[in-house]
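Reader: I am new to this structure, and I would like to understand how the words used for its empty spaces and its ligand surroundings are justified. Could you take me through the reasoning?

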Amino acid sequence: MFIVLLGPPGAGKGTQAQRLAAATRLLHISTGDMFRENVKNQTELGQLASTFMDKGDLVPDGVTIRMLLERISRPDAAEGAMFDGFPRNVVQAIALDEALAARGSKIDRALLIAVPDDELISRLGGRWICRNCGTLYHERNDPPRVPGACDRCGGELYQREDDRPEVVRTRLEKQKPPADLIQHYRDAGVLREIDGLRSLDAVTESLLEALAR
Ligand code: AMP
């Protein structure tokens, strides 16, 4: 099964992807995580990507698509995967469709987590991530037991460069799933829209239901 998770930055996509991956045992592929890993390791790709990421811009399609296609060509993605943060536009969606079609697969579900803008701005400002294991927290909605430290591994929590308030608005404007991308999956009959303005657990439950239906 191949699943696409769609939603604006701050809709809870990353958190829900971690939960869905745990519940379904699907391979979780996050292009944002892959770029951050490259930035951390100071690879050539990371250096290029960070010039876009730091401004809240999308990394160019050519680079992003190449990275994603390489990732899904590995054996662990043979049976299925859940894509988080990819595709961001129709060009990327078509590249993914074509790569899957070439191996006799397709996207089975596109799950859209919908949340209004003002709520997104307040959420993005409060996001913290464990430097060690990548677990996500939120100051207001999902705080760690000890401020600044990860519940799971005790690692240091940090705020992403692109979660700073001045970058948040740019990211929202530039990175909301575009209407034609949503339409692409609606036309394919695989789109399911989920109200993201509820508790984490309620949203996870709806996502799992949408997968089962
Ligand atoms: P995310 O963790 O999905 O919010 O991604 C963090 C940053 O990585 C984004 O702001 C983009 O700069 C870049 N990025 C991640 N996925 C993509 C993608 N599919 N296309 C272009 N840029 C991406």
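**Ligand shell and empty spaces**

Author: In this predicted model, the residues of the shell around the ligand divide into 5 nonpolar, 6 polar and 6 charged.

Reader: What makes a residue count as part of the surroundings of the ligand, and which are the closest?

Author: A residue counts if one of its heavy atoms lies within 4 Å of the ligand, and 17 residues surround the ligand in this way, the closest being Thr31, Arg36, Asp57, Gly85 and Gln175. Helix α2 (31-40) and helix α7 (165-175) each supply at least two residues of this shell, and the largest share, 4 residues, comes from α2.

Reader: How do you know that the side chain of threonine 31 makes a polar contact with the ligand?

Author: The cut-off for a pair of N or O atoms is 3.5 Å, and an N or O atom in the side chain of threonine 31 is 2.8 Å from a nitrogen atom of the ligand, so the pair qualifies as a polar contact. By the same cut-off, arginine 36 qualifies, because one of its polar side-chain atoms lies 2.9 Å from an oxygen atom of the ligand. Glutamine 175 likewise has a polar side-chain atom 2.8 Å from an oxygen atom of the ligand, and therefore this pair is a polar contact too. Of the 480 Å² of accessible area that the ligand has on its own, the protein covers 96%.

Reader: Why is the space lined by Leu5, Leu6 and Gly7, among others, called a cavity?

Author: A space is called a cavity because a 1.4 Å probe fits there but cannot get out. With a threshold of 30 Å³ or more, the count comes to 1 cavity, and about 60 Å³ of space lies in the largest cavity. Its lining also includes Gly85 and Gln175, and the lining residues divide into 6 nonpolar, 3 polar and 2 charged.

Reader: What makes the second largest pocket a pocket, and which element supplies the largest share of its lining?

Author: A pocket is an open set of points, with protein on both sides within 12 Å along at least five of seven lines, and therefore the word is used for this space of about 240 Å³. Helix α1 (13-24) and strand β6 (136-138) each supply at least two lining residues, and the largest share, 4 residues, comes from α1. Among the lining residues are Thr15, Gln18, Tyr137 and Asp151, and the lining as a whole divides into 5 nonpolar, 3 polar and 4 charged residues.

Conventions. Residues numbered from 1 in each chain as written. Predicted model: local features only at pLDDT ≥ 70, side-chain atom pairs only at ≥ 80, totals over all residues. Heavy atoms only, no water. 1 Å grid on protein atoms, 1.4 Å probe; cavity = no way out; pocket = protein on both sides within 12 Å on 5 of 7 lines; lining within 4 Å. Points joined across faces, edges and corners; volume = space filled by probe spheres on them. Nonpolar A, V, L, I, M, F, W, Y, C, P; charged D, E, K, R; others polar. Polar contact = N/O pair within 3.5 Å; in protein donor to acceptor, adjacent residues only side chain to side chain. Areas by Shrake-Rupley, 256 points an atom, 1.4 Å probe, with all protein chains shown as cover.
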